[in-house]
Amino acid sequence: MWRRTRLWVIGAVIVLYIAIVFFSKFGLSLAWFDMIGHGAVFWTLHGAPVLLFLVTFALTTMIAFFALRPLQRSLQGRGSPWVSFAGADPRVIDLLRTPWLLGRGVAWLLALLIGLWAGNAVASAWQTYLLAFTGGAFGRVDPLFHMDAGFYVFRLPAIFASVDAVLAVVVFILLGRALMLVGRRYDTSVYVEALRRPLGLFVALLGCIVWISRYLSVSQGNVINQSTGQTIVAGADYLAAHWTLPLQAFVAVLLVLSGLAALWPGARRGVQALRATAFGTAGSLAIWIVGGLIGALIIGNQLSRAQQTWERPYMADTIQGTRYAFGIAGVRATPYPGNATITAAQVQRDAPTIANVRLADPHAFQLVFSQLQTFRQYFSFPFSDVTIDRYYYGGSPHEVMLGAREVDPSYSRGGTQQSLLQYTHGYGVIAAGVTQFDSAGLPNLLIQNMPVQDRLPGTHITNPRIYFGEQTTNDVIAPNALGEFDYPTGQSSALTNYKGPGLGFQSNRLLIALSDGLGYLWQGQTVANSKFLMHRQIFDRVRTIAPWLSLDPKANLVITRQGQLVWLMDGYTSSPDFPFSQQESTVAGNVNYLRNSVKVTVSASTGVVHIYAIGKDPIRDAWARIFPNLVQPLSAMPADLRAHLQYPNGLFMTQARVIARYHVSNLDTFYAGNDNWSMPNELYQNGGSPVPMPAEQIVARLPGEKSVQYMQVLPFVPPNRPNMVGWLAALEDGQSYGKLVLYNLSSGSLIPGPMQVESEISQNPQISANLTLWDQHGSQVIRGDLLEIPIGGGMLAVEPIYLESSSSAVPELREVVVAYNNNVVMQPTLAAALSQMFGSAAAPTAPTSPTQGKAPSGTTGSNAALAALINQIEQQNALVQKDMQAGSWAKLGQDEQMLQQLLTQLQSYAQAKK
């Protein structure tokens with residue numbers, strides 16, 4: 001007896017604990033949403049699936065119970081197999097004969113199980129149902145059924161989900177009835193009467209599914225050219241439109257009529273009704289199979305002989321649908337020579353473009369930032385954090401690279417208390433121009449050090465603290481009694497206290513402890529206004545608020561005019577159900593409709609999130625109706641942030657892949673696929689394997705334009721050939737934001753593409769000899785990003801060459817390669833390379849230099865890096881001396897190890913300068 005009671009107690013405690021944890025997490029999440037001002041979003045996110053579950057569960061359970069109730073008596077009596085399983089004990093037999101156990105009890109149990117399944121199935125599709133109710137029209141009608149695209153994107157998925165759920169419930173009821181009749185000897189009519197209605201309903205629902213599935217042909221059809229293996233129709237083709245879909249409609253009607261035959265209430269002869277349903281179903285399936293074979297063997301065979309002619313209207317529909325779905329409907333290729341002779345005068349006329357040629361490589365800069373500006377092991381610069389952006393000074397835009405100094409999530413020295421209370425945030429950014437380097441090949445740092453030294457014109461960082469970032473993942477309590485580490489100051493450290501919004505720790509301590517760990521209950525060193533900061537990783541934070549968004553993996557850090565650090569992010573809406581559009585692999589998955597519909601800002605210091613609508617998108621508008629006040633118009637975004645908007649790389653690369661095939665408007669050319677383009681490759685390591693060429697951010701003047709613009713660019717090459725055939729740019733400034741410019745290069749001559757330029761560099765005897773020499777004795781040559789820039793009707797290629805010592809891992813700019821019309825030169829500077837290529841008159845004037853404030857002594861270029869490293873060594877040595885005086889021998893060993901690492905770094909730095 002005690003053992004049984006103990007098991008019940010243990011089970012009750014486990015259930016109680018699970019319930020407490022669940023409701024504490026629920027309460028903590030609600031408190032967090034209320035704190036950020038989006039309590040209504042929380043109730044919609046959690047209330048919608050719960051409401052759908054409860055309604056579906058209640059309705060399905062009642063229907064299932066009344067469908068099973070007529071058979072509950074079959075479970076009772078002497079002939080019941082369920083009673084015979086009990087053995088010979090009369091008490092057990094009497095118990096099993098009670099109506100509530102083997103009568104209504106089993107019926108209720110089966111009904112509840114069916115209701116739970118149906119409720120969960122509907123609740124898991126809550127987004128589909130909400131979009132079905134709120135989705136509007138796209139204003140684009142498909143050419144086959146003449147339905148607006150909104151029907152396929154919003155309502156058809158909900159219809160399928162509902163019919164599938166109802167069909168599954170009918171199957172469960174059918175199985176339940178069969179289970180309740182098992183083992184009993186009844187007249188055949190009893191079985192027929194018990195099963196014919198569920199079977200009839202099942203067949204009728206199959207007919208409905210066949211009817212509805214006809215609409216899938218416009219979004220899921222795929223016809224390929226047997227010769228090239230490429231898709232030529234993404235949707236219904238000639239065979240589907242003229243044979244398969246009419247046949248499918250006929251079969252659907254037959255199945256529905258066959259199912260209704262078994263449901264007819266006046267059918268006294270159930271066997272005959274069930275027989276009619278069986279024959280009707282078998283006949284429908286036979287017609288479908290035979291008709292499909294006829295279509296494939298006869299009509300399909302005829303189509304294959306003249307596919308190009310018969311599929312012309314459907315290819316046109318696919319081209320138009322795909323171009324619209326991926327936002328390139330208005331992009332038209334403009335002829336551009338690409339092979340015109342570039343003169344020194346033309347280079348001078350494009351001086352603003354030349355002055356902004358980016359020689360900085362993101363990979364190299366990330367290494368420079370990490371090696372020379374980290375200062376402490378608990379800070380780091382993740383590569384994804386390197387932002388390329390433009391800032392305006394001297395009357396023109398200038399490209400700048402920025403890196404955020406975030407807390408390193410892998411650093412664990414000091415235990416939980418330090419990561420929870422002391423190391424709560426990152427500090428400051430590193431910024432450098434992309435065109436200016438010192439004599440040692442290191443970048444001219446415009447923002448550096450701790451505390452921040454800012455020489456970037458137009459900026460003055462007033463709050464450099466990064467509590468919310470790309471790699472900031474742990475929860476913290478701030479402010480607190482210990483004080484939060486801000487930055488090192490000689491032998492001590494500067495401390496700060498968090499002043500932004502957050503979840504009150506004292507008032508929510510119990511919820512936090514029950515949800516995240518009981519250790520929070522006894523957490524000391526907190527103060528009355530301590531905040532519990534959670535969801536600090538910016539992607540997690542935005543997804544928690546708006547799970548319906550797909551986020552671009554790249555977030556850009558912006559310095560506002562007010563001196564705040566703000567993350568700019570891009571959100572996508574998408575669909576796999578857009579009619580007559582080819583599916584593509586994108587940042588949002590395999591979809592055939594993609595829009596960058598929102599811009600998201602997240603304050604690095606307070607975590608405040610704002611979502612702004614950009615462009616036209618019915619999917620985004622539907623979600624905005626579901627979550628009122630969550631999405632703001634773009635005009636509400638501060639002007640200084642709008643000036644830093646960038647075209648999202650994920651969308652640009654997807655559109656580039658689509659353009660590579662769908663820039664063609666001639667149907668014969670499209671069918672043959674003989675004008676397809678592809679993405680180029682480039683070299684990163686000297687002598688290494690080619691890697692895919694990324695889209696590049698540049699400041700340049702397009703042909704025919706008067707001023708330079710900030711843009712994202714990518715060249716195209718033919719498949720398996722090195723010459724360049726196209727060039728795509730996405731403009732990113734002002735009213736031109738989002739405009740795509742496509743150049744179709746001359747087909748009369750071969751214009752060197754990126755890999756052809758790389759080959760010319762490698763094959764040039766003088767250049768190759770130098771690269772081979774440098775790529776030895778503990779050094780590695782890094783070939784930076786290759787830029788293809790249109791100038792004077794030609795294409796000018798520029799590639800920086802970096803040298804990295806294996807001991808220091810600090811890449812330094814050594815040479816600049818300029819290539820044009822199969823000519824290649826390499827010089828220490830861009831000006832020298834242009835002079836050698838086009839004559840001294842082509843040498844560009846020096847770009848405008850930052851003039852804001854005075855640079856601290858020894859804070860430019862390599863001197864700045866060296867000064868920062870020496871300062872760090874002095875600080876670490878002071879810590880070692882302090883440990884010796886205090887007798888902290890364990891900490892002394894750790895600090896001495898850190899000091900030795902810094903001295904090794906200084907030695908490597910000195911060797912790299914030789």
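Glu 812 sits in strand β35, which spans residues 812-820. Helices (H or I, at least four residues) and strands (E, at least two) are DSSP runs, numbered from the N terminus. This is a predicted model: local features need pLDDT of at least 70, side-chain atom pairs count only at pLDDT 80 or more, and totals for chains, interfaces and linings use all residues. Residues are numbered from 1 along each chain as its sequence is written, and side-chain values use heavy atoms, with hydrogens and water left out.

**Strand β35 and the loop after it**

- Glu 812 is buried, at a relative accessible area of 3%. Buried means under 20% relative accessible area, exposed over 50%, and partly exposed in between (1.4 Å probe, protein chains only).
- The side chains of Glu 812 and Arg 814 share a polar contact of 3.2 Å. A polar contact is a pair of N or O atoms within 3.5 Å; within protein, one must be able to donate a hydrogen and the other to accept it, and residues adjacent in sequence count only if both atoms are side-chain atoms.
- Asn 822 belongs to the loop between β35 and β36 (823-827). Its phi is near 65°, a positive value in a residue other than glycine.
- Asn 822 is partly exposed, with a relative accessible area of 47%.

**The β10-β11 loop and cis peptides**

- Asn 449 lies in the loop between β10 and β11. Phi of Asn 449 is near 65°, positive although the residue is not glycine.
- Asn 449 is buried, at 12% relative accessible area.
- Pro 451 is in the loop between β10 (443-448) and β11 (453-454). A cis peptide bond links Met 450 to Pro 451, with omega about 0°.
- Another cis peptide bond joins Ala 478 and Pro 479, with omega about -5°. Pro 479 is placed in strand β13 (residues 476-480).

**Helices α12 and α19**

- Ile 294 is part of helix α12 (residues 270-305). Its relative accessible area is 35%, so Ile 294 is partly exposed.
- Ile 294 helps make a nonpolar surface patch of about 750 Å², together with Leu 285, Trp 288, Ile 289, Val 290, Leu 293, Leu 297 and Ile 298.
- Patches are made of residues with over 30% relative accessible area and no salt bridge; like charges are joined within 9 Å, nonpolar side chains (Val, Leu, Ile, Met, Phe, Trp, Tyr) within 5 Å. A salt bridge is a side-chain nitrogen of Lys or Arg within 4 Å of a carboxyl oxygen of Asp or Glu. Accessible areas come from the Shrake-Rupley method with a 1.4 Å probe; for residues, only the protein chains shown count as cover.
- Helix α19 (residues 509-516) has Arg 509, Ile 512, Ala 513 and Ser 515 as its buried residues.
- Gly 517, just after α19, takes a positive phi of about 145°.
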